[in-house]
Amino acid sequence: MPAYNAGKTLRRTWEEVVGQDYVDEVVLVDDASGDDTVALARGLDRVRVHRHASNRGYGANQKTCYRLALESGADIVIMVHPDYQYTPKLIPAMASMIGNGLYDCVIGSRILGGYALRGGMPWWRYASNRVLTLVENVLTGAKLSEYHTGYRAFSRRLLERLPLEANSDDFVFDNQMLCQILWLGYLVAEISCPTRYHAESSSINFRRSVRYGCGCLLTGSQYFLARRGLLRTARFPAIARGAATVRS
């Protein structure tokens, strides 16, 4: 759980997370919240709490989350935001798809099943999601329904291969990470995920959303150029590169 000012929704999310039989440990990394997130987390069962001394950003938070999860010996790592936007009830399904050896990455898609708008996603975010996804699918050669969900499951072997430190510490980290997975040729599965948009949900303002969108387009363009040997970058290192295969 990458957390920032999640005090109002943390307990509800935790209750559903530990209510799933597949969960052994919850790693919560707090990015210098200004509320009682850390105090609440330390009072919850099966939660390992780590706090950044200063606000380092959403991407940096995830880097710490994955590092700590791997240090704990996790074979399957699932990221779910503690703002109760994504339902933890999908954890068993996502974990099973990885545990059975079918996939190394599963994402919870708000687009599949038409849940985004019904769940309260603002129309402008929905529109930008669709446009960015279309462009990125063209650039990467994949067929994902979206690149911007914050609900993701990974196998240990995949996380150990990803050059995550080459990615941004900001929100575009999510997008860069998914493109790296496609770059390595891993299968990405998608599962339809209902979401809830409410006052306590984490969100970024319009200005930062524009910045995020530009970052996504840059990432897709770098992928496109690197795949054709026109760019060298630590984000997409030289490896055996095949066309990404994506299954929904």
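Axes, as the word is used here, are lines fitted to C-alpha atoms, for helices over the stretch in contact, and the angles between them run from 0 to 180 degrees between N-to-C directions. In this predicted model, the axes of helix 3 (residues 58-71) and helix 8 (residues 173-183) come within 9 Å and cross at roughly 50 degrees. Angles under 35 degrees count as roughly parallel and those from 65 to 115 as roughly perpendicular, and helix 3 and helix 8 are therefore oblique to each other. On the side of helix 3, the residues that meet helix 8 are Tyr58, Gly59, Gln62, Lys63 and Tyr66, while helix 8 contributes Phe173, Asp174 and Met177. Sorted by class, this contact of helix 3 with helix 8 holds four nonpolar, two polar and two charged residues.

Helix 3 also leads to a sheet, since it lies across strand 1, strand 2 and strand 3 and runs at about 150 degrees to strand 2. The sheet is open, with three strands in the order 1-2-3 and parallel pairing. Its edges are formed by strand 1 (2-3) and strand 3 (47-51), each of which pairs on one side only. Strand 1 is joined to strand 2 (residues 26-30) by two bridges, the two strands running parallel, and within this pairing alanine 3 has aspartate 30 of strand 2 as its bridge partner.

A further set of pairings is centred on strand 5. Strand 5 (residues 105-109) is largely enclosed by the rest of the structure, because five of its five residues are buried. In a regular strand the side chains alternate between the two faces of the sheet. For strand 5, both faces are covered, with Cys105, Ile107 and Ser109 buried on one side and Val106 and Gly108 buried on the other. Three bridges connect strand 5 with strand 6 (residues 152-155) in an antiparallel arrangement, and here isoleucine 107 has arginine 152 of strand 6 as its bridge partner. Five bridges connect strand 5 with strand 7 (residues 188-192), and these two run parallel; valine 106 stands opposite alanine 189 of strand 7.

The path then turns to helix 9 (residues 206-227), whose length can be compared with expectation: at 1.5 Å a residue, its 22 residues should span 32 Å, and its end C-alpha atoms are 32 Å apart, which agrees. The buried residues of helix 9 are Ser209, Tyr212, Gly213, Gly215, Cys216, Thr219, Gly220, Gln222, Tyr223 and Ala226, and what covers them includes helix 6 and helix 8. Cysteine 214, also in helix 9, is partly exposed, with a relative accessible area of 49%. Although cysteine 214 and leucine 132 are 82 residues apart in sequence, their C-alpha atoms are 9.3 Å apart in space. Following helix 9 comes glycine 229, whose phi is positive, near 75 degrees.

Helix 6 (residues 123-140), one of the elements covering helix 9, contains asparagine 137. With a relative accessibility of 14%, asparagine 137 counts as buried, the cut-off for that term being under 20%. Beyond its neighbours within four places in sequence, asparagine 137 is in contact with Ala142, Lys143, Leu144 and Tyr147.

How values were computed. Residues numbered from 1 in each chain as written. Predicted model: local features only at pLDDT ≥ 70, side-chain atom pairs only at ≥ 80, totals over all residues. Heavy atoms only, no water. Buried < 20%, exposed > 50% of the residue type's maximum accessible area, 1.4 Å probe, protein only. Helix = DSSP H or I, 4+ residues; strand = E, 2+ residues; numbered from the N terminus. Pairing = 2+ DSSP bridges. Parallel < 35°, antiparallel > 145°, perpendicular 65-115°, else oblique. Contact = heavy atoms within 4.5 Å. Nonpolar A, V, L, I, M, F, W, Y, C, P; charged D, E, K, R; others polar. Expected span 1.5 Å × (residues − 1).
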